[in-house]
Amino acid sequence: MVKWLSVILAVTLMMDWRSWALESCLQEQQRLKDQLRLLEARVKQQQTKIEQLLREQELQLLDRGEEKSFRHVGGKRQYADCSEIFNDGHKLSGFYKIKPMQSPVEFSAYCDMTDGGGWTVVQRRVDGSENFDRNWADYEKGFGNFVQKNGEYWLGNKNLHFLTTQRDYTLKIDLADFEGESRFAQYESFRVGDEQSAYELSFREYSGTAGDALSGSFHPEVQWWASHLRMKFSTRDRDNDNYSGNCAQDDKGGWWYNRCHSANLNGLYYRGAYTGDTDNGIVWYTWHGWWYSLKSVVMKIRPRDFVPNVV
């Protein structure tokens, strides 16, 4: 009898222990859920704070004499480029959020709603305020001033690839010198390859007033080394050019170098005529030669079949 009582007592104690263990486990599970909810709430608070600080920084930059440039279009529609924004009724130039079809995220780009409207600005040089002698990672993701109306920036090779693979694009390059003159060069079917191709450059026929420096067609004897067509992108830390040295290192910017260039729009910012060990200024050879650095450059793209909605 005593033996059976001992067994019953042991079984009862074991059941009580299991019940206590299960209750403790459930309590711990609930505690972890509560802790997770608390952490999620804190993360949201931090994200809100970060967005607030970024907005405050944007406003501070805008208060330094620049008009408001970033524009909110409202709604939940995502725009593949600035031409869609223009044709949706937004006719004011400024920074907008766009998201090309293959891009995993949206990003800011300046939309030039003049000159027929709908241009997505991919590069701007105006005053030398931004350093363009950057590494591969910087050129890949993009860099510069995405707040001020005339801020200098590079949109990013990844973003250029996402943009130019979704449609057939026209590239227009607006150039200005220090004597008050302006010219342009325009190319059809502008496209930037993917990372595996080292963001290879392709384009087709030229038109304009600045001369065809990008394809080097100005002289058949130099085209084999001066053309940028089908060139891979190079930076000081990623040498993909056809030169025995490093063009990006010599010419102080990331670009589609050959051996080395007849166009160097990401070079050093000089004020007009300059001298140096290499032709490393902001060069468009067919207008001012290799030893004159331009005052401003804007590279912008728009779908080739763009029809403006004037309503």
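Buried residues make up 46% of the 311 residues in this chain, and I should say at once that we are looking at a predicted model, so please keep that in mind as I go through the values, which are all computed. On the outside, the accessible surface of the chain comes to about 16,800 Å², and 52% of that surface belongs to carbon and sulfur atoms.

Let me turn to the overall layout. The chain has 7 helices and 14 strands, and if we take the contacts between residues at least 6 apart in sequence, we find that 55% of them join residues at least 24 apart.

Now to the inside. In soluble globular proteins, nonpolar side chains tend to be buried together. Here the largest nonpolar core has 59 residues, and the residues with the most contacts inside that core are Trp154, Ile173, Leu175, Trp255, Leu265, Trp284 and Met299.

I would like to follow one of these, Met299, a little further. Which residues does Met299 touch, once we leave aside its neighbours within four places in sequence? The list runs through Thr120, Val121, Val122 and Gln123, then Trp154, then Leu171, Lys172 and Ile173, and it ends with Trp255 and Leu265. Trp154, Ile173, Trp255 and Leu265 in that list are also among the core residues I named a moment ago.

Met299 sits in strand S14, on a side where Val297, Ile301 and Pro303 are buried along with it, while Ser296, Val298, Lys300 and Arg302 are buried on the other side, and in this way both faces of S14 are covered. Because 8 of the 8 residues of S14, which spans residues 296-303, are buried, the strand is largely enclosed by the rest of the structure.

What does S14 pair with? Strand S3, residues 119-125, pairs with S14 in the antiparallel sense over 5 bridges, and within that pairing Thr120 has Ile301 as its bridge partner. Strand S6, residues 169-176, also pairs with S14 in the antiparallel sense, over 8 bridges, and there the bridge partner of Tyr169 is Pro303.

Let me finish with the cysteines. How many disulfides are there in the model? The count comes to 2, and if we number the bonded cysteines in sequence order, the pairing is 1-2, 3-4.

One disulfide joins Cys82 to Cys111, with a distance of 2.0 Å from S to S. This pair links distant parts of the chain, since Cys82 lies in helix H2, residues 82-87, and Cys111 lies in strand S2, residues 107-112, 29 residues apart. The torsion about the S-S bond of Cys82 and Cys111 is about -75°, and therefore the disulfide is left-handed. Are its two ends buried or exposed? Cys82 has a relative accessible area of 0%, so it is buried, and Cys111, also at 0%, counts as buried too.

The other disulfide is formed by Cys247 and Cys260, whose sulfur atoms are 2.0 Å apart. This pair again links distant parts of the chain, with Cys247 in helix H6, residues 247-251, and Cys260 in the loop between H6 and strand S10, residues 263-264, and the two cysteines are 13 residues apart. With -85° about the S-S bond, this link is left-handed. Cys247 is buried at 0% relative accessible area, whereas Cys260 has a relative accessibility of 12% and still counts as buried, because the cut-off for buried is under 20%.

Notes:
Residues are numbered from 1 along each chain as its sequence is written. This is a predicted model: local features need pLDDT of at least 70, side-chain atom pairs count only at pLDDT 80 or more; totals for chains, interfaces and linings use all residues. Side-chain values use heavy atoms; hydrogens and water are left out. A nonpolar core is a set of buried Ala, Val, Leu, Ile, Met, Phe, Trp, Tyr and Cys residues joined through side-chain atoms within 4.5 Å. Buried means under 20% relative accessible area, exposed over 50%, partly exposed in between (1.4 Å probe, protein chains only). Contact means heavy atoms within 4.5 Å. Helices (H or I, at least four residues) and strands (E, at least two) are DSSP runs, numbered from the N terminus. Accessible areas come from the Shrake-Rupley method with a 1.4 Å probe; for residues, only the protein chains shown count as cover. A disulfide is a pair of cysteine sulfur atoms within 2.5 Å. Two strands pair if DSSP finds at least two bridges between them.
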